[in-house]
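Hi everyone, thanks for having me. I'd like to walk you through a few spots that caught my eye, so let's put the structure up.

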Amino acid sequence: MSFFVAWYRSIVDLRWLRTQRKETNKAWMYAIFFLLVMGVVRDSYLLWGIPSFIHEARTGIAQSLPNFRAEIKNGELIVTDLPQPYTYRLPTEDGDVALKVVVDTLSTSTPAISDITPSDEETVVLITKTAMTIRSDGGRTQTQEWRTMPDGTLTKEQVTNFLQYWAGRIGYFIAPVLIVLFFIFGTLGKLIYLALLSLVVWLVTLFAKRDWKYKEIFTVGLFALTAPTMLQILLFWSGLHIPFVYSVVLAAYLFAVVFGRFEATEVYKETPPPVV
C-alpha cells in the first residue's frame, strides 16, 4: 500500500478507513512514518531558529547592556552597575517583541509580572531580589527562587561568552536533538490519547451493539489521526490557537467510521485468475 494512497484516503474516504480495521501492522507502519514526517515539518524551524535566536540575544546584550555584575548571596540576588528597574526587549525579525526581561532587585516590595505586562501574549522574564519568574506567551508561569541556588556571581562578559559558545556548532546540534525528543514524546502522547479515545468509542459500541473490537477501533485511529494532526500543525504555523480542535476532529473521524451508515468496500482484494 502506497503511503500517499493511505494518506489521501485517511482524510477523504471513510469507507476505506472502515476496511482497514484489521490492518494493524500497516496502520502502525503508516502512523509512525506519518508522525515522523509531520514532526520534522512542524519543528524544522528549530534548525535555524535556535542558532539565530542565540545570536540575536548575544548581539543585543553586548550592545545594550552595561557591564553589570550579579551575585547570589544568602538566597538574595544583588545586581550592581545596572540602572534599575531595567527593561530589555529582544525583537523578532518583523519588529515584534520576542522576549521581555525586567530586572528590579531594589524595590522594597516584590513586583508582579501582571503589573509589568498585563497581556499573556508576550514572553516575560522578571528578575527580582528573591526570585526569577518566567511567563510564556500562553500565560504559563514558572518561578525559580534564589534561595534554592548556591551562592555565585555572573557578569556581562560571562553571559556573552556563554551565548557565543552555544551559538556555534553546539547550537546546530541542539535542534536535531530537540526534533527527535519532540517526535518521541509527541508520538507517545498522541498514541496514549488515541488509546483512551478508542476506549471511549468502544464502550459506546457496546451499548449500541455494534460489531467492533477495541483493537479495530484503535487501528482505524492510527490512520484517522492524519487530518487532525495536519490541522494542528497548520494552526501552529499560522499562530492560531483553537482549544480541543485535535480532539474534536479525531473523535469525529472515529465515530463517523464506526457509526456511519455506509457499506465498506474491500479495495484491496486480489482478482482471481480467469478459469480456462
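Let's start with one polar pair: a polar atom of the Thr 205 side chain sits 2.4 Å from the backbone oxygen of Trp 202. Keep in mind that what you're looking at is a predicted model.

So where is Thr 205? You'll find Thr 205 in helix H7, which covers residues 169-208. And is Thr 205 buried or exposed? Its relative accessible area is 0%, and buried means under 20%, so Thr 205 is buried. What is Thr 205 in contact with, once we leave aside the neighbours within four places in sequence? The list is Arg 210, Trp 212, Ile 217, Val 258 and Phe 259.

Okay, on to the backbone. Have a look at Gln 84 and Pro 85: the peptide bond joining them is cis, with omega at about 0°. Pro 85 belongs to the loop between strand S2, residues 76-80, and strand S3, residues 86-91.

Next, two residues to check for their phi angles. Asn 74 isn't a glycine, yet its phi is positive, about 55°. Asn 74 is in the loop that runs between strand S1, residues 69-73, and S2. With a relative accessible area of 67%, where exposed means over 50%, Asn 74 counts as exposed.

Phe 244 isn't a glycine either, and its phi is positive at about 65°. Look for Phe 244 in the loop between helix H9, residues 226-238, and helix H10, residues 245-259. Its relative accessibility is 65%, and the cut-off for exposed is over 50%, so Phe 244 is exposed.

That's my tour, thanks for listening!

Definitions and conventions. Residues are numbered from 1 along each chain as its sequence is written. This is a predicted model: local features need pLDDT of at least 70, side-chain atom pairs count only at pLDDT 80 or more; totals for chains, interfaces and linings use all residues. Side-chain values use heavy atoms; hydrogens and water are left out. Helices (H or I, at least four residues) and strands (E, at least two) are DSSP runs, numbered from the N terminus. Buried means under 20% relative accessible area, exposed over 50%, partly exposed in between (1.4 Å probe, protein chains only). A polar contact is a pair of N or O atoms within 3.5 Å; within protein, one must be able to donate a hydrogen and the other to accept it, and residues adjacent in sequence count only if both atoms are side-chain atoms. Contact means heavy atoms within 4.5 Å.
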